[in-house]
Amino acid sequence: MPAETQDVYIETDFEVVIGLEVHSQLLTKSKMFCTCSTGYANAAPNTHVCPICMGMPGVLPVINRQAIAYTIMTALALNCNIPAYSKFDRKNYSYPDLMKGYQISQYDVPLSKDGYLTVERNGQTRKIGITRVHLEEDTARLLHHEGYSLIDVNRSGTPLMEIVSEPDMRSPEEARLYMQKLREILVYLGVSSGRMEEGSLRCDANISIRPRGQQKLGVKTEIKNMNSFRSVERALEYEAQRQIAMARAGETIHQETRGWVETKGITVSQRSKEQAHDYRYFPEPDLPPLLISREWVEELRAALPELPDARRARAKAASNWLLTAVVRLLKANAITIQSSPLSPASLANLLDLLDKGRINGTQAKEVLDEAFTTGELPAAIVEKRGLKPPISDQGELNRVIEGVITSNPKSVHDYRAGKTNALQYLVGQVMKQTRGQAKAEIVQKLLRAQLDEDPST
Ligand SMILES: [Zn+2]
């Protein structure tokens, strides 16, 4: 396997298709169905347990409302639909880390579906579909030793949110970007610690290849055990190359689960399709169905914090002003930003005035010049100079133009006779009357429209 494999397959005749299943523990105080604390990170094994998360017979789980709220918030941030009705199901399988012999999860009616997330790569934006965001419970932890294994039940029953993407990613790099973007959103929302290295955020990937241009999906493999963004990308690079090499050699790719071995930089087979579980899902009889009121959904939507993309867009304006106008002034005055009279609050005030349409870009530059020299607050400069917001209302502008046309019959006559200077004179009159608050090109356009339309004047 070449060391530098990035983008190699992109030039090949094969297309890589990737979908991710991301699990995130939720930052609730208590577990999903009992009152045990989720703060077990530094606790001794098996100290945060009770009959419910130990899976004792006869106990009754109770749904953690905060976990549902966090899942809905995440789904809203990922542009998903929230159905009015949802429910929990039993996923039956037997494994030592599963206390009850089944996991409470969601099968056919998840808490949300049909969303998307956008990722940016080389200045291009790609939309990655989100199939669903649902809620389940985490399992216990197995600690393997030479010849025996130990079990720590502290993690069992921790709320675990699963975010399933559509097979929309076309390169390992894109998968990493998706994962990073998703993590950023979860951390912004305050629903996840986002710590992949600690296992509170985990990622499984489905990957297949197909001849470029073919619609039908190829046979996929599922990759597990990737615990960093880098390992997600590396594992998928390796797996894409492995599948392409097999296809080239005429070998058949089998559906299987493969584990990423970080130290060796390879994926190894863990379980074939024949060994796949039949989970025998059925509705969880110990829990009531979930009726999600629209009022609650809207309440949660209104409480969402500003998301990373929105914040970046907002910061873009500030960075533009900093990198162009402010840098120009610093250079012209040969001073550093620390020693300039312009404070961050002053720049923020200027951007605020611009944002509210109180001044336009040209006025803002003049105000910045003065604020930079005097250290005065832009709002105070605007007030002192009597600056008015630019006229953008066409109706108002047309009324001024009408007045100018009526009171300048000679210039109007000259314009219609083909003297172009006359138009400039009329534009000047309108600019004078609006005290420079209108844009010359708009004035000219509106003026022409009136002059050309009504020859009887
Ligand atoms: Zn418990």
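Tutor: In this predicted model, a residue counts as buried when its relative accessible area is under 20%. By that cut-off Cys 36 is buried, and so is Cys 53.

Student: Which atoms hold the zinc ion?

Tutor: The protein donors are Cys 34 (SG), Cys 36 (SG), Cys 50 (SG) and Cys 53 (SG). They lie 2.3 to 2.4 Å from the zinc ion. A donor must be within 2.8 Å of such a metal, so these sulfur atoms qualify.

Student: What makes the arrangement around the zinc ion tetrahedral?

Tutor: The angles subtended by the four donor atoms run from 101 to 115 degrees. Four donors count as tetrahedral if all angles lie between 85 and 135 degrees. The range fits, so the zinc site is called tetrahedral.

Student: How are the donor residues of the zinc ion spaced in sequence?

Tutor: The spacing reads C-x1-C-x13-C-x2-C. Cys 36 and Cys 53 both sit in the loop between β1 (14-25) and α1 (65-77), so this pair ties together parts that are 17 residues apart in sequence.

Student: On to the helices. Why is α2 called roughly perpendicular to α5?

Tutor: Helix α2 (residues 172-189) and helix α5 (residues 308-333) pack at about 90 degrees. Roughly perpendicular covers 65 to 115 degrees, so the label applies to α2 and α5. Their axes are 10 Å apart.

Student: Which residues of α2 and α5 meet?

Tutor: From α2 come Lys 181, Glu 184, Ile 185 and Tyr 188. From α5 come Pro 308, Asp 309, Arg 311 and Arg 312. This contact divides into three nonpolar, no polar and five charged residues.

Student: How do you know whether Glu 136 is buried or exposed?

Tutor: Its relative accessible area is 4%. The cut-off for buried is under 20%, so Glu 136 is buried. Glu 136 lies in strand β6 (residues 124-137).

Student: What is Glu 136 in contact with, leaving aside neighbours within four places in sequence?

Tutor: The partners include His 23, Met 32, Gln 103, Ile 104 and Ser 105. Thr 158, Pro 159, Leu 160 and Glu 162 are also among them. Separately, the C-alpha atoms of Glu 136 and Gln 25 are 9.6 Å apart, with their positions 111 residues apart along the chain.

Student: How do you know whether Leu 330 counts as buried or exposed?

Tutor: Leu 330, in helix α5, has 12% relative accessibility. That falls under 20%, so Leu 330 counts as buried. Beyond four places away in sequence, Leu 330 touches Ile 335, Thr 336, Ile 337, Ser 340 and Phe 372. Its C-alpha atom is 22 Å from that of Ala 380, 50 residues away along the chain.

Student: Why is Asn 79 called partly exposed?

Tutor: Its relative accessible area is 35%. Partly exposed lies between the limits of 20% and 50%, so Asn 79 fits. Asn 79 belongs to the loop between α1 and β2 (85-86). Its phi is near 60 degrees, a positive value in a residue other than glycine.

Student: What sign does the phi of Asp 114 have?

Tutor: Positive, at about 60 degrees, although Asp 114 is not a glycine. Asp 114 is in strand β5 (residues 112-121). At 49% relative accessible area, Asp 114 is partly exposed, because exposed requires over 50%.

How values were computed. Residues numbered from 1 in each chain as written. Predicted model: local features only at pLDDT ≥ 70, side-chain atom pairs only at ≥ 80, totals over all residues. Heavy atoms only, no water. Axes fitted to C-alpha atoms, helices over the stretch in contact; angles between N-to-C directions. Helix = DSSP H or I, 4+ residues; strand = E, 2+ residues; numbered from the N terminus. Parallel < 35°, antiparallel > 145°, perpendicular 65-115°, else oblique. Contact = heavy atoms within 4.5 Å. Nonpolar A, V, L, I, M, F, W, Y, C, P; charged D, E, K, R; others polar. Donors = N, O, S within 2.8 Å, 3.2 Å for Na, K, Ca; no water. Tetrahedral: all angles 85-135°; square planar, octahedral: opposite > 155°, others 65-115°. Buried < 20%, exposed > 50% of the residue type's maximum accessible area, 1.4 Å probe, protein only.
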